[in-house]
Amino acid sequence: FYIHTMMRGTLASLGLLLCCALAAGTPGGQGPPNACPVPRCPRNPSGECGGAAAGTCGDETKDGCAVKACTCVSGYKGGGRGPCVSEAAVAAGNDKKKDEAAAGAQREEQEKREKDQCTDLAMAVLCPMKEDFPNATRGTCVESFNDCFAGNQTLIDSYKSKRESACETGKHFCDKGGTCVPDETPCPTVKRDCPAAKPLRCLSDWSCQTAVASCPTGTQCTSGAKQTLCPDGLTCAVNKKGCAKLMSWEGCPAGMQACAQMDGVCAANATMCEKRTGCATGSFFCRHKRDADGNLEIDAGTKFPVAVCEAATSSTCTGKKPGKGREPESVVKEMRASKGEKLQATDSSGRLAVVIEMLMANAFTAADGSSTAVNFTIGSVADSIVQNGGLGSYYASGAIMSAVLVIEPSQEVVVNDGFLIQLPIETVGGEECAKIVANIAILTIHDVNDLDASPEIVAVCTAGSLADGTCTCNVNVTAFSAFAAIDFSVDPSQTLVVVAESGGDTATTTPTPFLSAGVHRKPLSLGWLTLCSLLLVLAIAR
């Protein structure tokens with residue numbers, strides 16, 4: 001629990017309610033996937049039940065648990081265990097999803113072709129076969145999109161001019177594929193991870209180098225408020241977050257280096273890499289150190305989780321941050337609301353990356369009332385979005401314990417109940433898995449491309465496992481979007497001073513408090529009783 005003074009009154013009340021729930025909750029051990037959570041009203045970005053004008057929230061009982069359910073007013077769809085959405089919004093949402101699906105399919109095709117042809121990470125950008133570019137570079141692999149012009153400033157200026165007028169209002173132009181996408185949708189990946197031999201991403205031009213001394217000097221973004229160069233080498237923005245709203249990248253942002261100790265972690269220099277990873281230079285991250293109850297041990301100085309490190313990588317010591325390498329490969333499946341229906345995605349190594357299962361019939365319905373099957377898509381989330389969006393503080397603090405993924409239906413749906421998500425956490429089993437997972441909650445962001453949106457808590461996890469023995473976080477969900485597993489032993493507010501050292505611009509998002517996450521099924525200790533007493537005093541004092 002982390003008490004933020006600016007929210008003292010609200011959090012004290014929420015904490016008092018949770019303490020009462022804990023006092024009456026199931027002590028210790030592993031609970032079933034549908035263990036009773038703290039009842040919360042279904043919500044979307046417009047508020048509880050879709051906003052006061054959309055519906056009202058009331059009490060119901062489901063499978064022996066007290067739950068909150070929405071009753072929609074006339075003209076609104078959904079309700080029940082999901083929020084209410086206006087009929088106009090459903091229609092608009094379905095149109096948007098169709099556009100996004102078409103753009104997503106084209107993006108995947110472009111990125112696959114680029115990865116297949118440009119296998120060298122140092123030269124990972126495929127130049128378009130178009131007359132805007134010199135003959136010598138068309139269809140070749142270069143380090144940056146800007147290199148496709150071979151230094152011809154006349155062609156660059158002409159291309160920029162065409163790009164500015166290429167799209168209708170509300171859309172922006174993407175170099176990869178030469179398509180227009182909605183303003184709220186970033187363009188496909190324009191930069192991939194730097195190679196291990198050149199781990200530093202230069203601030204001046206986004207090239208990969210061994211050290212700052214090898215980076216070019218100067219930048220073309222020198223006028224006005226937009227003095228940050230974006231990874232395409234052409235666009236200027238206010239800051240990195242402004243770049244991330246326009247285009248995606250994988251790996252570290254400009255001015256950061258990939259930490260050799262822990263793949264997936266970025267820092268400003270070697271010293272910060274040691275602090276961020278908990279491993280000395282020359283050693284590799286194996287796992288986080290936990291106490292007998294599964295709690296992360298936190299370094300008193302850096303406030304980051306304490307790491308167990310070894311001198312060489314192995315099958316049990318991968319040198320990767322939790323979730324790295326377990327990102328799901330994109331998959332689409334047509335699903336009907338039938339009990340036992342499953343959708344699963346694998347990572348690049350063929351291991352299960354996520355499993356979704358319907359636990360009951362009629363688990364969802366199409367929001368427009370149609371009875372057709374719905375295509376569900378599972379995919380990974382770009383590093384640029386994780387670093388600069390609502391999960392940025394959790395990424396910077398080392399609290400994320402899984403791959404960050406997105407689950408999207410092809411049309412607006414209402415989830416009635418019974419959607420179980422299994423998300424791999426660590427390759428342990430039995431009691432150890434249960435203890436670790438008891439400290440982990442799932443966060444969600446309704447629109448993963450909205451970098452200004454704050455994440456919300458779905459629930460505290462219950463323990464499960466995959467066929468290979470991998471420990472999983474199991475939660476029931478009532479809406480689909482982006483999901484990440486967060487260990488709440490880590491306090492993001494304590495490590496926000498290093499957000500800028502990890503790839504973000506500033507601490508622009510307030511970490512979500514875990515007071516309403518759900519029942520933490522451990523015995524109520526004297527410390528809990530003391531905290532509850534303090535929260536009671538605060539609640540009365542306000």
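In what order do the five strands of the open sheet lie, and is their pairing parallel or antiparallel? In this predicted model, the five strands follow the order β22-β23-β28-β32-β31, and the pairing is antiparallel. At the edges of this sheet are β22 (342–346) and β31 (462–465), each of which pairs on one side only. If direction is ignored, neighbouring strands of this sheet are turned against each other by 25 degrees on average.

The pairing of β22 with β23 can be followed in some detail, since five bridges join β22 to strand β23 (residues 352–358), and these two strands run antiparallel. Within this pair, Lys342 stands opposite Glu357 in β23.

Strand β28 (residues 419–424) contains Pro424. Is Pro424 buried or exposed? With a relative accessible area of 8%, Pro424 is buried, because buried means a value under 20%. Although Pro424 and Val354 are 70 residues apart along the chain, their C-alpha atoms are separated by 6.8 Å. Val354 is also one of the residues that Pro424 touches, and among the others are Arg326, Leu352, Ala353, Met401 and Leu466, where residues up to four places away in sequence are not counted.

A second sheet

An open sheet of six strands has the order β21-β25-β26-β33-β29-β30, and its pairing is antiparallel. The edge strands here are β21 (331–335) and β30 (456–460), each with pairing on one side only. Neighbouring strands of this six-stranded sheet are turned by 25 degrees against each other on average, again with direction ignored. Inside the sheet, strand β29 (residues 440–445) and strand β33 (residues 482–487) pair in the antiparallel sense over six bridges, and Leu443 stands opposite Ala484 in β33.

The table sets out the two strand pairs described so far.

| Strand pair | Bridges | Residues that stand opposite |
|---|---|---|
| β22 and β23 | five bridges | Lys342 and Glu357 |
| β29 and β33 | six bridges | Leu443 and Ala484 |

Helix α3

Helix α3 has twelve residues (residues 153–164), and at 1.5 Å a residue it should span 16 Å, which agrees with the 17 Å that separates its end C-alpha atoms. Which residues of α3 are buried? In this helix, Ile156, Tyr159 and Arg163 are buried. Seen down the axis of α3, the buried residues fall within an arc of 65 degrees, so they line one face of the helix. On the other side of α3, by contrast, Thr154 and Glu164 are exposed. The cover over the buried residues of α3 includes β9 (171–174).

The N-terminal end of α3 is capped by Asn152, which has a side-chain oxygen 3.1 Å from the backbone nitrogen of Thr154. Thr154 is therefore named twice in this account, as an exposed residue of α3 and as the partner of the cap, where the pair counts as a polar contact because its two atoms lie within 3.5 Å.

A buried threonine

Where is Thr137 placed? Thr137 lies in the loop between β7 (125–126) and β8 (141–142). At 9% relative accessibility, Thr137 counts as buried. A polar atom of the Thr137 side chain lies 2.6 Å from the backbone oxygen of Cys148. Cys148 also appears among the residues that Thr137 touches, together with Cys127, Asp147 and Ala150, when residues up to four places away in sequence are not counted.

Conventions
Residues are numbered from 1 along each chain as its sequence is written. This is a predicted model: local features need pLDDT of at least 70, side-chain atom pairs count only at pLDDT 80 or more; totals for chains, interfaces and linings use all residues. Side-chain values use heavy atoms; hydrogens and water are left out. Helices (H or I, at least four residues) and strands (E, at least two) are DSSP runs, numbered from the N terminus. The expected span of a helix is 1.5 Å times one less than its number of residues. Buried means under 20% relative accessible area, exposed over 50%, partly exposed in between (1.4 Å probe, protein chains only). The arc is that of the directions from the helix axis to the C-beta atoms. Contact means heavy atoms within 4.5 Å. A polar contact is a pair of N or O atoms within 3.5 Å; within protein, one must be able to donate a hydrogen and the other to accept it, and residues adjacent in sequence count only if both atoms are side-chain atoms. Two strands pair if DSSP finds at least two bridges between them. Axes are lines fitted to C-alpha atoms, for helices over the stretch in contact, and angles run from 0 to 180 degrees between N-to-C directions.
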